Amino acid sequence: MNQWNDRKPLPGDLHVGKPNIGDRSRFLERINRILDVRWLTNNGQYVVELEDRIATLHGVKHCVAVCNGTVGLGIAIRALGIEGEAILPSYTFIATAHALMWQGIKPVFCDIDERTHNLNPEKVESRITSATTAIVGVHLWGRPCVPDELTDIAATHGLQLLFDAAHAFGCTYRGRTIGSFGDVEVLSFHATKIFNTAEGGAILTNRDDLAEKMRLIRDFGFAGYDNVVHLGINGKMNEFCAALGLTNLESLDRFIDANRRNYNCYREELEHLPGLKLIDFNEEEKNNWQYIVVEIDEKKFGINRDDMIRILNQNHVLARKYFWPGCHRMEPYRTLYPESGKHLPVTECVAARVLVLPTGSETSELNIMKICSIIRDSIP
Ligand code: T4K
């Protein structure tokens with residue numbers, strides 16, 4: 001919990017982001033083994049095993065495990081040689097923009113589609129300049145960020161295509177697993193994600209050259225003892241995180257089933273309320289259902305999103321306004337690019353309407369019914 005949140009969850013609160021945790025005894029067995037062999041980090045056995053499993057699961061040639069998704073984005077950006085300007089949505093977690101800015105690349109915020117909350121491909125074309133070198137798509141809420149359209153645009157204009165797939169573990173687009181699109185895709189395994197390693201992430205690619213470069217960058221640029229061949233960073237995942245990952249992977253189906261059950265329960269309870277829309281997923285694809293995202297239209301619902309959050313908080317339900325107010329209204333972007341908002345009318349509208357409700361394997365149907373009755377009772 002960062003210090004700027006309204007309040008930290010207390011015991012008994014229902015809140016977003018409660019971690020999914022697999023079989024405890026399997027995890028502790030693995031921890032004991034790490035302690036026995038005394039190999040704690042630097043490409044240990046569990047990290048290598050996790051990379052193999054994740055590459056297979058996503059149908060990609062290479063998986064490079066990293067210490068978190070943000071560093072994964074940074075390593076991918078560096079390996080792709082992105083410079084100048086990169087186009088991305090403002091409606092995303094701040095890490096997507098920071099990962100570019102941290103490396104001196106100007107984030108050019110592009111508007112989204114009202115229905116999908118993802119980059120609007122027509123708007124992407126209009127934001128390309130002679131300084132643009134890349135597009136960074138974000139599969140927000142696990143819904144695919146138009147991979148076909150962005151692939152075409154990137155090819156036409158000779159741009160690199162990177163996907164922030166932090167939300168999309170286990171999801172597909174046209175039957176193909178997200179993680180295998182573009183030049184590179186980056187996953188987050190943060191504690192709050194459907195699949196977590198406490199902190200962690202992975203970079204996925206089918207390109208041998210990129211994979212080799214990203215492995216070097218992840219390990220300070222070392223290509224063997226005493227031989228640094230590239231500018232690098234410490235982006236390594238440790239064995240404890242990998243042990244949690246391997247354990248959680250064994251329970252992934254259970255986590256997804258629980259999220260799906262929760263989503264259906266929310267839908268039954270909320271779908272008839274005027275002015276409230278639960279975002280939907282393409283049922284013909286695989287989804288991870290990890291975010292319960294609701295849009296509130298104040299005119300039809302009777303109260304606005306912020307009042308709804310306040311009422312939920314008063315009733316010990318810590319819903320969140322992800323990703324309000326949009327990256328362009330946060331620093332340093334607000335000061336550097338004060339005009340960005342005029343290109344982002346849909347972003348501004350969506351960011352003011354969305355609230356995210358609790359789900360995950362620890363959230364019961366009974367609790368969901370309680371949350372939904374608070375929502376229904378709040379309608380004036
Ligand atoms: N790209 C996108 C699109 C992302 O969404 C993210 C991360 C990234 C990139 C970067 O990936 P990482 O570098 O993080 O791997 C949280 C997460 O910290 C962040 O990982 C995530 N997105 C984002 C959507 O959510 P906050 O500011 O909401 O964190 P916080 O501390 O307020 O916690 C959220 C909720 O989870 C609270 O209700 C408390 C609960 N929680 C949290 C933790 C850590 C628990 O119950 N247990 C826990 O252990 O950012």
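How many nonpolar, polar and charged residues does the shell around the ligand have? Let's start there and then walk outward to the sheets. The structure in front of you is a predicted model, and in it the shell is made up of eleven nonpolar, 14 polar and four charged residues. In total, 29 residues surround the ligand, and those that come nearest are Val-16, Thr-70, Asp-164, His-167 and Tyr-322.

Now look at the polar side chains that face oxygen atoms of the ligand. Thr-70, already met as one of the nearest residues, places a polar side-chain atom 2.5 Å from a ligand oxygen. For Arg-320, a polar side-chain atom lies 2.8 Å from an oxygen atom of the ligand, and for His-15 the corresponding distance to a ligand oxygen is 3.3 Å. As for cover, the ligand on its own has 930 Å² of accessible area, and the protein covers 85% of this.

Which elements give two or more residues to this shell? They are helix H3, spanning 69-80, and helix H4, spanning 94-101. If you zoom out a little, you will find that domain 1 (24-249) and domain 2 (252-378) each supply at least three residues to the shell around the ligand.

From here, let's turn to the sheets. One of them is an open sheet of seven strands with mixed pairing, and its order is E2-E10-E9-E6-E5-E3-E4. At its edges sit strand E2 (62-66) and strand E4 (106-110), each of which pairs on one side only. On average, neighbouring strands in this sheet are turned by 25 degrees against each other, with direction ignored.

Inside that order, E9 and E6 stand side by side, and you can follow their pairing in detail. Strand E6 (residues 160-164) runs parallel to strand E9 (residues 184-188), and three bridges join them. One position to pick out is Phe-163, which stands opposite Glu-185 in E9. Residue Asp-164, among those that come nearest to the ligand, belongs to E6, whose residues are 160-164.

Another open sheet has three strands in the order E11-E12-E14, and here the pairing is antiparallel. Its edge strands are E11 (276-278) and E14 (354-357), and each pairs on one side only. Neighbouring strands of this sheet are turned by 30 degrees against each other on average, again ignoring direction. How many bridges join strand E12 to E14? There are four, linking E12 (residues 292-296) to an antiparallel E14. Within this pairing, Glu-295 has Val-354 of E14 as its bridge partner.

How values were computed:
Residues are numbered from 1 along each chain as its sequence is written. This is a predicted model: local features need pLDDT of at least 70, side-chain atom pairs count only at pLDDT 80 or more; totals for chains, interfaces and linings use all residues. Side-chain values use heavy atoms; hydrogens and water are left out. A residue is near a molecule or strand if one of its heavy atoms lies within 4 Å of it. A polar contact is a pair of N or O atoms within 3.5 Å; within protein, one must be able to donate a hydrogen and the other to accept it, and residues adjacent in sequence count only if both atoms are side-chain atoms. Accessible areas come from the Shrake-Rupley method with a 1.4 Å probe; for residues, only the protein chains shown count as cover. Ala, Val, Leu, Ile, Met, Phe, Trp, Tyr, Cys and Pro count as nonpolar, Asp, Glu, Lys and Arg as charged, and the others, Gly among them, as polar. Domain bounds come from an automatic or database domain assignment. Two strands pair if DSSP finds at least two bridges between them. Axes are lines fitted to C-alpha atoms, for helices over the stretch in contact, and angles run from 0 to 180 degrees between N-to-C directions.
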